[in-house]
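The paragraphs below lead from the overall fold to the sheet and then to one helix and its surroundings. Please keep the sequence and the coordinates at hand while reading.

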Amino acid sequence: MTLVATPTAGPQLLTPTDHTLIMIDYQSQMAFATHSISATELRTNAALVARGAAGFGVSTILTTVAEKSFSGPMFDELKDAFPGVAALDRTSMNTWEDANVIAKVNEIGKPRIVLAGLWTSVCIVGPALSALAQGFEVYVIADACGDVSAEAHNRAMDRMVQAGARPMTSLQYLLELQRDWARSETYELTTGIARTYGGAYGLGITYAKTMFGASEGHAA
């Protein structure tokens with residue numbers, strides 16, 4: 001049988017409307033002991049994810065653990081991306097065991113869950129394995145997560161992937177939401193976020209636009 005290719009996206013690719021993003025425990029106390037990624041890179045990647053999700057209207061849940069009594073406030077990068085959105089504070093290490101979070105997941109009603117946060121081996125593994133067991137598709141934004149060591153982070157990622165979770169990166173997440181530079185309604189949003197939070201890629205966009213007035217939205 002001859003395969004026939006068609007210009008359509010694969011079903012495993014994310015869209016802005018098919019998933020719920022849960023950003024977990026981006027808090028001071030959790031960040032202090034994170035060593036698998038620098039604090040600067042962690043905050044930049046979390047901001048990129050948050051800005052992308054907010055800009056594309058992705059259903060997003062923000063959650064903290066023991067904010068007032070132990071772990072401290074959520075990163076300003078998330079507060080700024082989602083002004084007026086209160087984080088759901090928990091006592092459970094596993095977000096999926098919190099009734100308020102699950103009520104919000106059910107209210108949103110999306111079949112796919114995208115996770116990012118601290119720490120990978122506890123606060124991300126817990127909801128990832130729990131959501132998978134209940135039939136959800138789970139994606140983990142690996143470079144927007146961190147742990148007490150590279151070993152802890154890597155083994156946690158291995159464990160989730162072995163269970164069926166799909167790993168991705170923060171920039172990959174943003175560009176997957178855009179996916180076609182001809183989508184003019186979100187072109188400036190996407191390139192603007194990349195210029196601010198996309199590291200060397202963002203510098204390249206700034207250079208190309210400044211020097212040549214370049215635009216990815218036009219084919220050669």
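Ten helices and six strands make up the protein, and the reader should keep in mind that the model is a predicted one. The radius of gyration is 18 Å, close to the 17 Å that the globule rule gives for 220 residues, so the protein is as compact as a globular protein of that length. Taken along the principal axes, the box filled by the C-alpha atoms is roughly 55 × 50 × 35 Å, and 46% of the 220 residues count as buried. When contacts between residues at least 6 apart in sequence are considered, 78% of them join residues at least 24 apart.

The six strands form an open sheet, with parallel pairing and the order 3-2-1-4-5-6. Its edges are strand 3 (88-90) and strand 6 (166-168), each of which pairs on one side only. Neighbouring strands of this sheet are turned against each other by 25° on average, if direction is ignored. Helix 2 packs on the sheet, where it touches strand 1 (19-24), strand 2 and strand 5 (137-141), and the direction of helix 2 makes about 145° with that of strand 1. As for the pairing at one of the edges, strand 2 (residues 59-65) runs parallel to strand 3 and is joined to it by three bridges; Val65, for instance, has Arg90 of strand 3 as its bridge partner.

Helix 2 also leads to the second region of interest, since the buried residues of helix 9 pack against helix 2 (39-56), as well as against helix 8 (170-178) and helix 10 (199-212). Helix 9 itself (residues 184-197) has 14 residues and spans 20 Å from its first C-alpha to its last, close to the 20 Å expected at 1.5 Å a residue. Which residues of helix 9 are buried? They are Thr186, Tyr187, Thr190, Thr191, Ile193 and Ala194. Seen down the axis of helix 9, these buried residues fall within an arc of 160°, and they therefore line one face of the helix. The face turned away from that buried side carries Glu185, Glu188 and Thr196, which are exposed. Just after helix 9, Gly199 takes a positive phi of about 60°.

Taken together, helix 2 is a link between the two regions described, as it packs on the sheet and is also one of the helices against which the buried residues of helix 9 pack.

How values were computed. Residues are numbered from 1 along each chain as its sequence is written. This is a predicted model: local features need pLDDT of at least 70, side-chain atom pairs count only at pLDDT 80 or more; totals for chains, interfaces and linings use all residues. Side-chain values use heavy atoms; hydrogens and water are left out. Helices (H or I, at least four residues) and strands (E, at least two) are DSSP runs, numbered from the N terminus. The expected span of a helix is 1.5 Å times one less than its number of residues. Buried means under 20% relative accessible area, exposed over 50%, partly exposed in between (1.4 Å probe, protein chains only). The arc is that of the directions from the helix axis to the C-beta atoms. Contact means heavy atoms within 4.5 Å. Two strands pair if DSSP finds at least two bridges between them. Axes are lines fitted to C-alpha atoms, for helices over the stretch in contact, and angles run from 0 to 180 degrees between N-to-C directions. The radius of gyration is taken over C-alpha atoms; the globule rule is 2.2 Å times the number of residues to the power 0.38.
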